[in-house]
Structures are given as C-alpha cells and as structure tokens.
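Work through the exercises below with the coordinates open. Each task is followed by a solution in steps.

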Amino acid sequence: MPYSITNLCIRCDSCLPQCPTGAIKLEGEDYWIDPLLCNDCEGYYSEPQCVTSCPTGSPVPWQAKKGRCKTNIRTATSPSLFPDGKSHPFASAIVVWEACNVLAQRQSLPWKADEADRLYYQRHIHQGQGSIGFQITHTLDPLPPTPLSKEVALATLSTFDVRSACLHLIYAAHATVLERPWEQEFIINDQQIEEYLGLEKRKDLSKPARLALIKDLVQQPCQIQVSIDWLAQGRVAGFSLRESRLWHLLEVQHHFQEDDLGCKHLVGLTFKLRAGQWTQYFLNQQGYRDRTAFYQYGSLPKLLLSTVMSIWQQHEGAARMMLWLLFKAKVGREQRLTVPTLMRVAYGEERILHASTHREHRKRLLRTFESDLEVLNHHGLKPVFDPVTYAPEIQPLWARLSELPDDADAALEFWVNDGSGSTRLTDAAPRGKWNRLMHARILYFELPPQWSRQPAATNRKKQRSSQRRTKAKPQLTLSAEDVVKARKNLQWSQRQLAEKTGKSQSWIRDIENNRFRAKLEDQVLLRKVLGI
C-alpha cells in the first residue's frame, strides 16, 4: 500500500534518505510521495521507513484522488497541434526517421560497441561516404550527454516503449512551427499529449497511471544523442555534428492538488523542450532560402498516433511498419518494398534468421506477418502485391477473400465456382512458400487520405510547377463503368483481368470502384486488353 505525506510534515528531511525506492520527492519546499514508486518498502523492510522515521506521523496510507482535478495556474504552452484535427507538418529528415526507428525497433537494430565499450547504432548514407550515428544517454539537462556503457545502454533500451516514437513525432511537429528550433523552446503539457495520443479515452487508466506513462514516454526520445557526417550536397556544404542531443528536456513541472489532510496529489505535468543542433542543418528556413541548409518536412497524420497507441501491445510489428512507412511513403508510389525488408523492420534480422532454420518458428512468423499486414490493411494502409513475385497462391487469405461478394446469393455462387476449380482459395499454402516470400515484393501501400495530405507549401509548389509546363499530357477518358462493362462482356472476373494486365486484383477493384483514375499508360493497357 503506498503512502502520502500530510500537512503535518515539518520538512525535517528524515524520510528522504530512508526510502529504498526513491518514491519521496521534493517539489519546491514540500515533499510528496509518488504512489507508483511507493510499495510499502516491501522486499526491503518489514515496516515502511517513512512512517518509522517521521517524528510527527505525517505519512498515511494513500487514498486515490476523487472528484475533479484542479491545479494552480500552469505555464502557458505552445499552440496545440492538428488545428484541423487531421494532420500537421513535421520534420521528416533522415535524422528524425532513424531516431524513430531507434525508438520503435530498439534491440532489433544492429547495435555495436566502440573502443570505449559504448553502445552505438550507425546508418551509412551517400554510398557509405557519410553516416548518422545514435547513442543512448541520460535524460535531463544540464547533465552532459555522456553515452552509456554497452551493458547500461542495453538495459535502458529494453525499457524503451514503441509508443515513445509518437512523442518523438510530436516534438518533430512542434519544431516545424519555430523559426529557429535549435534556439527556441516549445512547451507541452499532459492534457495536450493525452489529446494527441487518444489517452483521454482510456478509462482503464487512473490519473496517476496516465501521468506516469506520459512522463516516461516524454523522456525516452530525450535519451538519444546523434552524430552526423554529411557530405556536400549541391550548394549545401558538408558538415559534422558530434554527440549532440536529439531533443533537450529542459524542465519538468509537476502540478498538485491538496486534499483535506494536506496530501499532495499529482494532477498535471508540463514539459519544456528544445530541438537539438541537427535542426540547424535540416530544419532551417533561412538557410534553405540561402541554399546553405535543408528544410525537410512532411505531413504527420493524427490518426497514426492514436492507431499506434491502440495496436502496439497486440501487434507491435504492425506498429513498427506503420511508423516506418510514414517516412518511406515520401519516396513515391512505386516503392517496391521487399517482404524481407518489411520483416526486418517489424521483427528484426535475428528473428528472421532464426525462422529460416526452424520450421515451427517460421510458421509462427508467417502467421504473425500476415496478421500484421491485415491490421495495416484494416487501418487504411492497403498493400498492393506484385502479381509476379507475390502471386495470389502465397498471398494472405484475407487478401484472397477480398473478392468475396457481400450479397448472399453472389457469395454462394462465388464459393461454388471456387470449389469446382483445380485450386481453391482455402487450400493450404504451397510448398516453399517461405523461400518465395523471401523474394516477394509489395508494389506500394495505398495510404489513407490523412496520410496522403501534403502541406500547403508543397501543394503551392506543385501548382506552380504544373503551371510552368507548356505541353500538357493528353487525357484519356476511361471511366470505371467502361472497365466494368467491358470485363463483364468478356465474362472475366477481376482476378482474370488482373492476371492479363499484370496488375494486382485490388488495383482492378479500386479502378472499378472509382477510388482513383488509372494513369495514361494504364488506360492504354486496359483498352488494349479489354478491346475497347
């Protein structure tokens, strides 16, 4: 049973050194006990040491705060993100991407130890001529960012939470609002973070539990320091950055409310942060205008944050892939992602190597991967399988059943036709499926509308570039109705049309459902195959 300190406390400092768990905290001139750290000295002493050492009997059994939480005037925060409730610009440079991978993938990354036995992870860039490295440090300033030893860093990594990547992205969004983020601070509080992550809907978490979770997640991105060796690129000169913090956590303010006994209940947190020096090179508006630095940003969908918070426990692999695809989607539509690449992101190289030599582990990993793909598909990230390397017979069952009609009679006819064929959708996977998957590709992921939203500046740039074009491409008007009518006249299914055009079945379905219009060359291909 945790304890609380009442207003009988005379601040004699007797209890502070006696607490074995460090639960007794000093806030200003007053003491309070963190109920999530206090365990009644169980496993250390037979009696709680704060009670036995207190001359006034101030500590009493802790009672949960009831009723509304009221605090004194808080520090004013930075403007809230997501004013439209959907998306917000965020810094999307490679530094942010790799740091997101560190927080999401943790021990799955190829960490190494340097000559001083300090753990580091390094990503080579520019064909190995440059690099970006990361190390784990202590959290709070003004402590110098000294990298932890290998043993301590690995233990710290094991405590990292994939959800801390969401806080990292929130910081990257706040940094884009500032003119000089490497010098300017931004302030956020627990209420804003709860709203961004959807934690205000979690009725199963008490107020102290939510605050403890938020404080822990806020600190983890601030335990990363970055080193960069960057070659000259265009007019931007090369530069080096050594062991600089990714994010500075400058101050944590605790807000309390007292009850009738004078016990302090923690009811709020405010955090003051500043971006690291990397933003001077990758998020520098004036430097970008002068062509001496970069200003790289994308669009952060709010839905991503709440989705990761909801699926991380049961589908951590899907959460990892979702965070990775947020940056990968910038590359373009025809990404041609290989299955081994996605598996390494979701589960790590070691787990894949183990599965390649152990049959039962391989089967479990395949089931997990297909389940995680289904979760991504459910949340709007729809994979488009390469019909050549990722043929229908090795695709997940949920993808093969996408043709199943909603109408009962049509569904019955569908299964009758399926059962009369030489192969059936529900047949067991063919032999060698694992080896085929190791060479399979996903052409791209269809993104939800919030993911594909571009910042206003990007849209204006595209409009200006389109206006400069003097020769417009001819547009063919091939409607979805034309495709459906021609396909049915030939008595082809969507699957048969997909095979004849070399496209995926989901691509044909989306064209017929008018989800998007086929490109010029694809319209020509459809007209040729369908004889239109």
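The exercises cover cysteines, a three-stranded sheet, a helix that packs on the sheet, one threonine and the nonpolar cores.

The model is predicted, so local features need pLDDT of at least 70 and side-chain atom pairs count only at pLDDT 80 or more, while totals for chains, interfaces and linings use all residues. Residues are numbered from 1 along each chain as its sequence is written, and side-chain values use heavy atoms, with hydrogens and water left out.

**Exercise 1. Cysteines**

Determine how many disulfides the model holds, and check C12 and C15.

Step 1. A disulfide is a pair of cysteine sulfur atoms within 2.5 Å.
Step 2. For C12, the closest cysteine sulfur belongs to C54 and lies 6.0 Å away, too far for a bond.
Step 3. For C15, the closest cysteine sulfur is that of C9, at 6.3 Å, again too far for a bond.
Step 4. The count by this rule is zero disulfides.
Step 5. Assign the accessibility classes: buried means under 20% relative accessible area, exposed over 50%, and partly exposed in between (1.4 Å probe, protein chains only). C12 is partly exposed at 37%, whereas C15 is buried at 12%.

**Exercise 2. The sheet**

Find the strand order of the sheet that contains β13, and its edges.

Step 1. Strands (E, at least two residues) and helices (H or I, at least four) are DSSP runs numbered from the N terminus. Two strands pair if DSSP finds at least two bridges between them.
Step 2. β9 and β13 are antiparallel and share five bridges; F186 stands opposite L273 in β13.
Step 3. β12 and β13 are also antiparallel, with eleven bridges; here Q257 stands opposite H265 in β13.
Step 4. The result is an open sheet of three strands in the order β9-β13-β12. Its edge strands are β9 and β12 (247-258), each pairing on one side only.

**Exercise 3. Helix α5**

Why is helix α5 (residues 190-197) described as largely enclosed?

Step 1. Six of its eight residues are buried, so the rest of the structure largely encloses the helix. The buried ones are D190, Q192, I193, E194, Y196 and L197.
Step 2. Contact means heavy atoms within 4.5 Å. The buried residues pack against α4 (164-177), β9 (185-189), α6 (207-219), β13 and α9 (302-311).
Step 3. At the helix start, a side-chain oxygen of N189 comes within 3.2 Å of the backbone nitrogen of Q191. Just after the helix, G198 has a positive phi of about 80°.

**Exercise 4. T270**

Is T270 buried or exposed, and what does its side chain contact?

Step 1. T270 is in strand β13 (residues 264-275).
Step 2. Its relative accessible area is 2%, so T270 is buried.
Step 3. A polar contact is a pair of N or O atoms within 3.5 Å; within protein, one must be able to donate a hydrogen and the other to accept it, and residues adjacent in sequence count only if both atoms are side-chain atoms. The T270 side chain makes one with the side chain of H255, at 2.8 Å.
Step 4. Beyond its neighbours within four places in sequence, T270 is in contact with residues including R74, I187, N189 and V252.

**Exercise 5. Nonpolar cores**

Which residues touch the most other members of the largest nonpolar core?

Step 1. A nonpolar core is a set of buried Ala, Val, Leu, Ile, Met, Phe, Trp, Tyr and Cys residues joined through side-chain atoms within 4.5 Å.
Step 2. The largest core has 115 residues, and L169, I228, W247, F271, W278 and Y390 touch the most other members.
Step 3. Apart from this core lies another, of 15 residues, among them L478, I511, A518 and L530.

Technical notes:
Axes are lines fitted to C-alpha atoms, for helices over the stretch in contact, and angles run from 0 to 180 degrees between N-to-C directions.
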